[in-house]
Amino acid sequence: MNEKDAISLFETLGDETTLKIYTAIQQDPQTPSELREVTDTSLQNTHYHLNKLEDAGLVEPVDTWVSKRGKDMDVYGPTNSPLILSFAAEERTSRIRSRIKNALSILGVISFFSLLVEYAVAVFAEPASDWQQVGAGGYGEQRSLTELFFQYPGLCVFVVGLLVVLAYVAFVSSRR
């Protein structure tokens with residue numbers, strides 16, 4: 001985003017009514033009539049603010065509903081592109097984007113493997129007896145980490161994966 005676009009974006013979100021509408025749409029896609037109730041303003045004013053948000057590329061019509069009177073109404077929702085603000089130089093912004101993508105990729109890989117382990121244990125392990133299915137605390141007795149792993153293998157793999165990644169990040173950061 002260049003400086004001109006950033007100024008336009010801040011001007012758009014600087015208006016209290018526009019910001020209320022944008023926040024409401026982030027929570028749940030809504031029609032202009034529903035947004036009018038959120039902002040306690042006229043329908044015409046709501047459309048004005050929606051047009052500002054649409055021109056800024058922050059919202060878009062995501063669906064069409066039919067009103068009780070039989071009229072088509074646009075349902076507005078956030079655009080698919082995330083809003084990431086960075087006040088860094090342009091070359092640093094691409095590095096920040098790259099790091100966010102890498103972090104999300106790593107999180108996706110860890111999640112995939114944790115689900116894979118959970119599925120494998122569910123398919124290949126013996127079914128637990130009723131007293132083992134009560135939960136990780138049982139009836140007041142302490143469980144070992146091994147028993148906890150067999151009860152929640154996917155969660156354990158996910159937590160260990162996150163800890164390994166965090167340890168690696170801390171190690172790399174400390175060397176700079």
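**Exercise 1. Is V75 buried or exposed?**

Task: Classify V75 and list its surroundings.

Solution.
- Start with the source: this is a predicted model, where local features need pLDDT of at least 70, side-chain atom pairs count only at pLDDT 80 or more, and totals for chains, interfaces and linings use all residues. Residues are numbered from 1 along each chain as its sequence is written, and side-chain values use heavy atoms, leaving out hydrogens and water.
- Recall the cut-offs: buried means under 20% relative accessible area, exposed over 50%, and partly exposed in between (1.4 Å probe, protein chains only).
- V75 has a relative accessible area of 2%, so V75 is buried.
- Locate V75: strand β2, residues 72–78, holds this residue.
- List the contacts (heavy atoms within 4.5 Å). Leaving out residues up to four places away in sequence, V75 touches P29, Q30, T31, E60, P61, V62, D63 and W65.
- Add a distance: V75 and D28 are 47 residues apart in sequence, and their C-alpha atoms are 9.9 Å apart in space.

**Exercise 2. How many helices and strands does the chain have?**

Task: Describe the layout of the chain, then its burial and surface.

Solution.
- Count by the rule: helices (H or I, at least four residues) and strands (E, at least two) are DSSP runs, numbered from the N terminus.
- The chain has seven helices and two strands.
- Their pattern along the sequence is α-α-α-α-β-β-α-α-α.
- Of the 176 residues, 20% are buried.
- The accessible surface is about 13200 Å², and carbon and sulfur atoms hold 58% of this surface. The area comes from the Shrake-Rupley method with a 1.4 Å probe; for residues, only the protein chains shown count as cover.
- Take the contacts between residues at least 6 apart in sequence: 47% of them join residues at least 24 apart.

**Exercise 3. Which residues make up the largest nonpolar core?**

Task: Name the members of the core and the elements that supply them.

Solution.
- Begin with the rule: a nonpolar core is a set of buried Ala, Val, Leu, Ile, Met, Phe, Trp, Tyr and Cys residues joined through side-chain atoms within 4.5 Å.
- The largest core has 12 residues: L9, L13, I21, Y22, A24, I25, L35, L50, L53, L58, V59 and Y76.
- Two or more residues come from each of α1 (3–13), α2 and α4 (43–55).
- Helix α2 gives the most, four residues.
- For background, nonpolar side chains tend to be buried together in soluble globular proteins.
- Check one member: L9 lies in helix α1. L9 is buried, because its relative accessible area is 4%.
- Check another: I25 touches L35, L50, V59, Y76, G77 and P78, not counting residues up to four places away in sequence.

**Exercise 4. What does the side chain of Q30 reach?**

Task: Place Q30 and find its polar contacts.

Solution.
- Q30 sits in the loop between α2 (16–27) and α3 (32–39).
- Its relative accessible area is 12%, so Q30 is buried.
- Apply the polar contact rule: a pair of N or O atoms within 3.5 Å; within protein, one must be able to donate a hydrogen and the other to accept it, and residues adjacent in sequence count only if both atoms are side-chain atoms.
- The Q30 side chain reaches the backbone oxygen of A24 at 3.3 Å.
- A polar atom of that side chain also lies 3.4 Å from the backbone oxygen of D28.

**Exercise 5. Which residue forms a salt bridge with K20?**

Task: Find the partner of K20 and compare the exposure classes.

Solution.
- A salt bridge is a side-chain nitrogen of Lys or Arg within 4 Å of a carboxyl oxygen of Asp or Glu.
- One salt bridge is counted by this rule.
- E16 is the partner of K20, with the closest N and O atoms 3.9 Å apart.
- Both lie in helix α2, four residues apart, about one turn of the helix.
- K20 is partly exposed, because its relative accessibility is 39%. E16 is exposed, because its relative accessible area is 57%.

**Exercise 6. Which helix has the lowest mean pLDDT?**

Task: Assess the confidence of the model.

Solution.
- pLDDT is the predictor's confidence in each residue, from 0 to 100.
- The chain has a mean pLDDT of 81, and 80% of its residues reach 70 or more.
- Among the elements, helix α6 (residues 145–151) has the lowest mean, 72, and α4 the highest, 92.
- Where pLDDT is low, the predicted coordinates should not be read in detail.
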